[in-house]
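Open the model in your viewer and keep the selection box at hand. We will go from stop to stop, with a look at what sits at each one.

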Amino acid sequence: MAPSAVDQHGIMTNGTNGQQASSVSGGKVDTKNPHDLVHFDPSLKPKSYQIKGTDANSKVLFRDVNIIDSTGRDPFKGDVYIEGERIKYVGEVPDIESLAKDPKVRTVQGRGRTLMSGLGDAHTHFSWNNGDLGKLGGLGVEEHTLLTARSAQCYIDSGYTMCFGAASAKDRLDCVVRDAINEGHLPGPRYLANGKEIAVPEGDLVPGITAFAKGPLEMRETIRHHIDLGVDQIKLSMSGEQICEKRDAQDCYFSDAETAACVDEAHRQGVRLCAHARARDSVKMCVKHGVDIIYHASWTDEEGMEMLEKAKEKHIVAPGLNWLIATVYEAGAFGYSFEKAEQVGYKKELEVAIQSMKEMHRRGITVLPGGDYGFAWTPHGTYARDLEHFVKLLDFTPMESIVAATAGVAKLFMRDEELGKIKPGYLADCILVNGNPVDDITVLQEHDKLNIIMINGRIHKASYKEFARFEQPQPTMEPSIEVKLNNFVAYELSDGTARTRIGHLDTEKGTITPIAFESGTAVENLYQIIEVGEDKVIAGGEPFPLSDSVNVLAPISGRDVLAVGKNYSEHAKEFNASGYDSSDKVDIPTHPVIFTKRATSIIANEEDILLHEGFTETLDYEGEIGVIIGKGGFQISEADAEQHVWGYTIINDVTAREKQRDHKQFFIGKSADSYCPMGPLALPKSALPQTLTVTTHVNGELRQKGTTEDLIFSVPYLVKTLSESQTLRPGDVIATGTPAGVGFGLKPPVFLQPGDVVEVSVTGLGTLRNKVAKADANNHVTKRIQQESVIPINNLSITNGGLGLTTLPNGKRLNAKKVGSGPQAIIFIHGLGGNMSFYEPIISQLGLSKEDQTQYTSLLFDLEGQGMSPTKATSKVSIESYAQDIHKLIEVLDVPTQNGLTLVAHSMGCLVALLFASQHSSLVSRLVLIGPPPCPLPAAGADGSIKRAAAVRAEGMRNVALTVATGGTSVKTKSDRPLALTAVHMSLLSQDPEGYAKGCTALAGAKDLNIDLAQIGKASSTLLITGEEDKVAPPAHVQKLAEVMNAKAEVLPDVGHWHVFEDVDGIAKAMQQFLAVKTLSTL
């Protein structure tokens, strides 16, 4: 992007930054919430990291607290209740006395102390060392990582729950610590990570911690490098720093072309930029080209101030004021005198910076605290000094300073909808302060006054004395109150499996109780409840909070919706007069007007209604009552129809009016993606009054109101009409029509636009709320439909949809685990009909199963389709694909290879091991092949495998399992080792038939294997083990193979082909001697 791509005001007009920001509107500037005007491009939003470890069942109640909610309103008295990771109630808490008595609720008696959002820092350096930054470049990675982790803990200990990284002293320090915090491994605040700051050659502040680039091309390359590291934002070092004594703070060292290139490259990849920009020209360059966050901005002149004011929707300034103050007045004890600071210009810069920040605040430019802490005279832990400076020096009120440090930093995170405030639904990041910061802002600097620190609903700091204990009263004989489980809501499990469930929504408590059949089996969809009856289900688990993280679904989906037009007399009249009616051109229809809405148009509560540009300019709403059929039937009489109705839900029959008119029918105009919002609840008719009222509000304005008494054609008549020629099925939904008051009926007509909110309410069913948004190519409906597949995945249910599986880069999922932490790796490969458990007796005897095993790292896994590994119908399995999977597992699970791999394989797994060894001879140092079949496989063996695959696909595993178990074990095993025989039999019976069949065809494909066994024998030490009665690997075959591979051969007496099950001691002894493993007895 050329630097000339700016308008007459110096504002960039192309690239991701979009169009020019509008000029300042008239009226009083909101100095409490100037950040509300900031709207970073949504494509630049960082990942919304979640911190793990919060117990979803955690409940914390703060009573009698002084609440600062960070909206700008005055503090107020009240209570706050938190469930899980989010705030549920603020001010008044329903049924608070019962909560206070609940032993599961931890209650804090606030006694008037202040509860407020955790603080945020806009200019954070976790990796700064409270000393000489020049030494950071030479600090060892290990020591530097520990230093960085300690800084992170210092921030959370200081009441800071949000930190915006301003530069890291090493490439990945910020990213590593950020990820460890999010995983719950380290204490720390929510963090957005940076990398090394980028400077031009000789334009660095500290060379060892800087990334250098010169010219637009190098700048782009360096930006891309940072993004590849996983940073959330990138810092440019555009101006000098007086303390360096070689780069003046008033000089800008970046060119227009370099800055423009950096902005263009970063923004196109969805990453924001921040800049060390003290100089006048560097500030202007940031605004001109769209650098998002401007640090320092001390020497901003009037032209720069006007540019910032015009573009204040796009920029945030963080002056780092404490650095200047401490350098001028407090650095003397560290050898940097006041006279020196004055001589080089810091005193003057401080004076200018204070005036600049005052003016920015007056003009409504967002200025946030963050004081560049981590230097010798700005040590970690003193972060809240910035809030005092804002009040005493920048004309902020204490409340404005607090709001900037909480809600303002949340805006910087682009998560102001859930961070930085004490409001219902927000993440519970808060501090309980023994004092009132509005009266004395300095109280936030006193760590002992921060009595409780909470992040993500989890207590980080608190005395045990804080939590009131409630003595349980003796139980009394009170009649139990039965709670009807009938407020049905559909939702998706949050475990990544996309499995669905039905729950009961307690609207008062805001919790969902999972629903199960009386057997305890979870109910997956509303069709199941309709079939068994709502009285035949029970609570299937503990209630959990309904929060933003719960993906609520439409109560019914997967089928077209049957719908009725012109079924309210006043609406029929307004429709007939509108010019959009292409039906019978009469006010009141003589027969129901029936149409359908496609299943793909169904969306859930709170999902966006999509405005498809080029498709419609007349998007309209129709709030309706949806009837759900409970009992199917054909030619149902009107008198009997009520018996076929199960219950009701809410529907918004969204319509493109010109399509409805032009196509002379309703389907196209009413079936576009997202045109059938439904839910959020479905209730049986027994739980609802006989007469239902429907209302529709648009942006809070009442537009429609009607009742079921107003229907032209009653629900029973509609059921009769629809079933006259078609069989209605349980779960079919009928949208019964809409009252008057739709958009085309207004004078003049008003159609839906992006940003409009439509709320449809029905008696007893709550409110269906949806926002209108412009459709893009990757909208939520398109993504959902693209993810649908009719290709079956076998053997997936055994892991409940894939829980705990390892995902390979190609998307394949396998059951795998890594045990031990030694430098030498052993990979265990089971055979056909086995799984990783086949080797459990061996690794136990060899001491390899211990987590603290320091000699070996063991990798065990199930081959695709076998054990607990799934297989997709389109996946073609072969010996080659098994070998490829091993290589990918080594990469994904970070299996050590530097000391060579040992492959332990059984039966068909031996062929996989041999192929892998031939392909990766430099990796494999040792082979243990147990019962190796001939390679290549003889034609007769291949034919037998094909026949066996056909047999299990036709009959299942029963007969094949019995045949293989009895035919593959020794006489002694069948007579004297019943547990061994049972283990073989159970291993086979546990196989998924299709996965086993694929294994058979993979084995059959081994007839074409061409492996240089002699060459493998030269490259790897090999141990061959077989059984005296092994028909797959007879002793004669194994002895011959040993000669070819120059290997050692062991023959176990009275053993067939299932060696580990039949003689674990013999296998363990042979392997222990070969591998020189320190067994349990020697550890």
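Which residues does the UniProt annotation "domain: AB hydrolase-1" cover? Select residues 825–1063: an unreviewed UniProt entry places the annotation there. Bear in mind that you are looking at a predicted model. Colour the selection by secondary structure. Over residues 825–1063 the chain is 46% helix and 16% strand. Now mark the two end C-alpha atoms of that range; they are 24 Å apart.

**The whole chain**

Zoom out. The protein has 30 helices and 51 strands. Its radius of gyration is 35 Å, close to the 31 Å that the globule rule gives for 1083 residues, so the protein is as compact as a globular protein of that length. Turn the C-alpha trace along its principal axes, and the spans are about 95 × 90 × 70 Å. Colour by burial next: buried residues make up 57% of the 1083 residues. Of the contacts with a separation of 6 or more, 74% are between residues 24 or more positions apart.

**Thr738**

Select Thr738. Find it in the loop between β38 (733–735) and β39 (757–762). Is Thr738 buried or exposed? Thr738 counts as buried because its relative accessibility is 1%, and the cut-off is under 20%. Show its side chain and look for two polar partners. The Thr738 side chain reaches the backbone oxygen of Gly623 at 2.9 Å. It also makes a polar contact with the side chain of Gln704, at 2.6 Å. Expand the selection to contacts, skipping residues up to four places away in sequence. Thr738 then touches Tyr568, His571, Glu622, Gly623, Glu624 and Gln704.

Keep Glu622 on screen. Glu622 belongs to a network of salt bridges that also links Lys597, Asp620, Asp653, Arg657 and Lys670.

**Asp756**

Stay in the loop between β38 and β39, and move to Asp756. Asp756 is buried, with a relative accessible area of 15%. A polar atom of its side chain lies 2.8 Å from the backbone nitrogen of Gln753. What does Asp756 contact beyond its neighbours within four places in sequence? Select Asn699, Phe751, Asn770, Lys771 and Val772. Then draw a C-alpha to C-alpha distance from Asp756 to Ser881. The two are 125 residues apart in sequence and 52 Å apart in space.

**Salt bridges**

How many salt bridges does the count come to? It comes to 53. Visit three of them.

- Select Asp732 and Arg559. They form a salt bridge, the closest N and O atoms being 3.0 Å apart. Asp732 is in the loop between α17 (715–722) and β38, while Arg559 is in the loop between β26 (551–553) and β27 (561–565); the pair links distant parts of the chain, 173 residues apart. Both Asp732 and Arg559 are buried.
- Select Glu607 and Arg784. Their side chains meet in a salt bridge (3.0 Å, N to O). Glu607 lies in the loop between β29 (602–603) and β30 (609–611) and Arg784 in helix α18 (residues 780–787), so the pair ties together parts that are 177 residues apart in sequence. Glu607 counts as buried at 18% relative accessibility, whereas Arg784 counts as partly exposed at 32%.
- Select Asp495 and Arg499. Their side chains also meet in a salt bridge (2.5 Å, N to O). Asp495 counts as partly exposed, at 31% relative accessibility. Arg499 is buried, with a relative accessible area of 18%.

**Cysteines**

Last stop: show the cysteine sulfurs. How many disulfides does a search of the whole structure find? The search finds zero. Why is Cys175 without a bond to Cys274? The sulfur of Cys274 is the closest cysteine sulfur to that of Cys175, yet it is 13 Å away, too far for a bond. For reference, a disulfide needs the two sulfur atoms within 2.5 Å. Cys175 counts as buried, at 2% relative accessibility. Move on to Cys286. Cys286 is in no disulfide either. Its nearest cysteine sulfur, that of Cys252, is 7.8 Å away. Cys286 is buried, with a relative accessible area of 0%.

How values were computed: Residues are numbered from 1 along each chain as its sequence is written. This is a predicted model: local features need pLDDT of at least 70, side-chain atom pairs count only at pLDDT 80 or more; totals for chains, interfaces and linings use all residues. Side-chain values use heavy atoms; hydrogens and water are left out. UniProt positions are given in the numbering used here, feature names are shortened, and annotations may be inferred rather than shown by experiment. Helices (H or I, at least four residues) and strands (E, at least two) are DSSP runs, numbered from the N terminus. Buried means under 20% relative accessible area, exposed over 50%, partly exposed in between (1.4 Å probe, protein chains only). A polar contact is a pair of N or O atoms within 3.5 Å; within protein, one must be able to donate a hydrogen and the other to accept it, and residues adjacent in sequence count only if both atoms are side-chain atoms. Contact means heavy atoms within 4.5 Å. A salt bridge is a side-chain nitrogen of Lys or Arg within 4 Å of a carboxyl oxygen of Asp or Glu. The radius of gyration is taken over C-alpha atoms; the globule rule is 2.2 Å times the number of residues to the power 0.38.
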